[in-house]
Amino acid sequence: MGFFDIFKRKDKADSRTSTSSFSYTGGIRLEQAEVDIMFITKGDALLYLNDQSSHLFSFDKDGDRKLGGRVVRYIFTPQRGDSKVEMFVAFEEEDSYAMFTLQANLEGRLNFVTQAIFSFFESNRLTGVFEPGVPYSTQYQYAFKLYEKNSRYFMMNNSRSQAFLVDKYGISRGDTDSLITEFWGGEQEGEETNEVSVEEQPSIDKMLDEVAELIYQVVSSKIETKEVAYQFILEELEAASQGNQEAQAFVARNKFTADEYEGALQNSMPEVDGPGGPQQTLLTLLMQTGGAPEIMASIRIKVVQKIIDNWFVNEESPEDVNWDEVF
């Protein structure tokens with residue numbers, strides 16, 4: 001018996017809860033916050049499913065419909081009563097990258113959306129979700145990928161520790177592997193069963209390249225002259241020469257010599273190390289990634305290599321540069 005045969009038997013219960021009497025027509029778009037509410041639950045009941053969100057999805061390389069951004073699970077717990085409210089909020093792709101990869105203004109952005117949610121329900125006088133006069137505390141769980149297939153929605157976090165399956169019948173919160181099998185391999189009414197695998201995770205190198213490119217764009221904007229670029233590079237090379245194997249290999253493959261970079265950290269200039277300069281900007285952005293030390297080191301190497309390539313890729317050797325002209 002296929003999974004959907006269960007729903008044909010109304011007397012057969014499963015792990016899902018049916019949709020309650022709450023209703024809202026159309027998609028919920030919080031314009032001020034630039035996010036979309038995909039699903040709302042209260043207690044164990046699914047209150048709302050955004051059935052006008054097809055424009056948020058695009059086809060990935062496997063032909064599956066995937067949300068470009070990420071979903072955050074907002075959990076609103078009342079200080080009185082036990083009817084917890086959950087909202088699954090879709091953030092756009094660029095917004096998601098800044099928040100969940102670079103960790104840029106993450107808490108501030110999440111809090112802003114919280115206020116937009118309460119404002120939306122209050123201004124539209126919507127009832128049946130939040131209890132009037134009851135304060136709510138808010139928790140966030142992020143970030144989830146979201147897929148859509150045959151009017152069913154599957155969410156899963158990167159660690160595969162949490163997953164949700166949503167359709168008009170309700171929401172499932174079962175074992176992650178079981179939900180994956182059900183969504184991607186389960187039989188659908190009127191169609192054959194097809195084995196479809198979940199989209200492969202992008203390689204670590206690709207992810208680091210993307211983060212490094214974003215950081216490079218910001219750091220590079222702080223370097224206005226070849227003199228500043230040269231001093232910045234020398235300081236990075238001196239620090240890297242004392243680092244791990246990857247860092248030392250990075251130093252060795254570049255044409256700058258030890259005579260150039262040794263002592264550079266002691267001979268810096270405000271344009272490099274000062275507030276708002278490239279050095280402080282790089283360190284701040286690296287810390288915001290929240291990555292392990294070795295991950296941050298890899299990103300840092302990639303960023304510095306990009307700066308070297310930008311300023312000195314056409315030089316035969318940095319030693320051949322006429323620094324009297326530069327300075």
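Is Y230 buried or exposed? In this predicted model, Y230 has a relative accessibility of 10% and counts as buried, because the limit for buried is under 20%. The ring of Y230 has a partner in F256, which is also buried, with a relative accessible area of 6%. The two ring centres are 6.1 Å apart and the planes stand at 35 degrees, so the pair is tilted. Y230 belongs to helix α6, while F256 is in the loop between α7 (245-253) and α8 (258-261), and 26 residues separate them in the chain.

Helix α6 also takes part in a contact between charges. E236 in this helix forms a salt bridge with R300 of helix α11, and the pair therefore ties together parts that are 64 residues apart in sequence. The distance from N to O is 2.7 Å. The two ends differ in exposure: E236 is buried at 4% relative accessible area, whereas R300 is partly exposed at 25%.

Helix α11 (residues 293-312) holds K302 as well, and D209, the partner of K302, lies in helix α5 (residues 204-220). In this salt bridge the closest N and O atoms are 2.9 Å apart. K302 is partly exposed at 25% relative accessibility, and D209 is partly exposed at 38%.

Salt bridges occur elsewhere too, and the structure holds 14 of them. One of these joins E86 and R73, with 2.3 Å between the closest N and O atoms. This pair connects strand β7 (residues 85-91), where E86 lies, to strand β6 (residues 70-78), where R73 lies. Both residues are buried: E86 has a relative accessible area of 2%, and R73 has 8% relative accessibility. Another group, made of R29, E31, D36 and E92, is linked in a network of salt bridges.

The next topic is aromatic rings. The whole structure contains 23 aromatic pairs. Among them is the tilted pair of F118 and F130, with centres 4.8 Å apart and planes at 40 degrees. F118 is in helix α3 (residues 106-123), and F130 is in the loop between α3 and β8. F118 is partly exposed at 27% relative accessibility, but F130 is buried at 14%. Both rings belong to a cluster linked by ring pairs, whose members include Y24, Y48, Y74 and Y140. A ring can also lie beneath a charge: the charged end of R65 sits over the ring of F59, 5.7 Å from the ring centre.

How many of the 10 residues of helix α4 are buried? The count is seven, so this helix (residues 176-185) is largely enclosed by the rest of the structure. The buried residues include L179, I180, F183 and W184. As a group, the buried residues of α4 pack against the strands β8 (136-149), β9 (152-157), β10 (163-167) and β11 (170-172). At the start of the helix, a side-chain oxygen of D175 comes to within 3.2 Å of the backbone nitrogen of D177.

The last stop is a loop. S53 is located between β3 (45-49) and β4 (57-59). Although S53 is in a loop, it is buried, with a relative accessible area of 2%. The side chain of S53 reaches the backbone oxygen of N50 at 3.2 Å. Apart from neighbours within four places in sequence, S53 is in contact with M38 and Y153.

Methods:
Residues numbered from 1 in each chain as written. Predicted model: local features only at pLDDT ≥ 70, side-chain atom pairs only at ≥ 80, totals over all residues. Heavy atoms only, no water. Salt bridge = Lys/Arg side-chain N within 4 Å of Asp/Glu carboxyl O. Helix = DSSP H or I, 4+ residues; strand = E, 2+ residues; numbered from the N terminus. Buried < 20%, exposed > 50% of the residue type's maximum accessible area, 1.4 Å probe, protein only. Polar contact = N/O pair within 3.5 Å; in protein donor to acceptor, adjacent residues only side chain to side chain. Contact = heavy atoms within 4.5 Å. Phe/Tyr/Trp six-rings, centres within 6.5 Å; stacked < 30°, edge-to-face > 60°. Lys NZ or Arg CZ within 6 Å of the ring centre and 35° of its normal.
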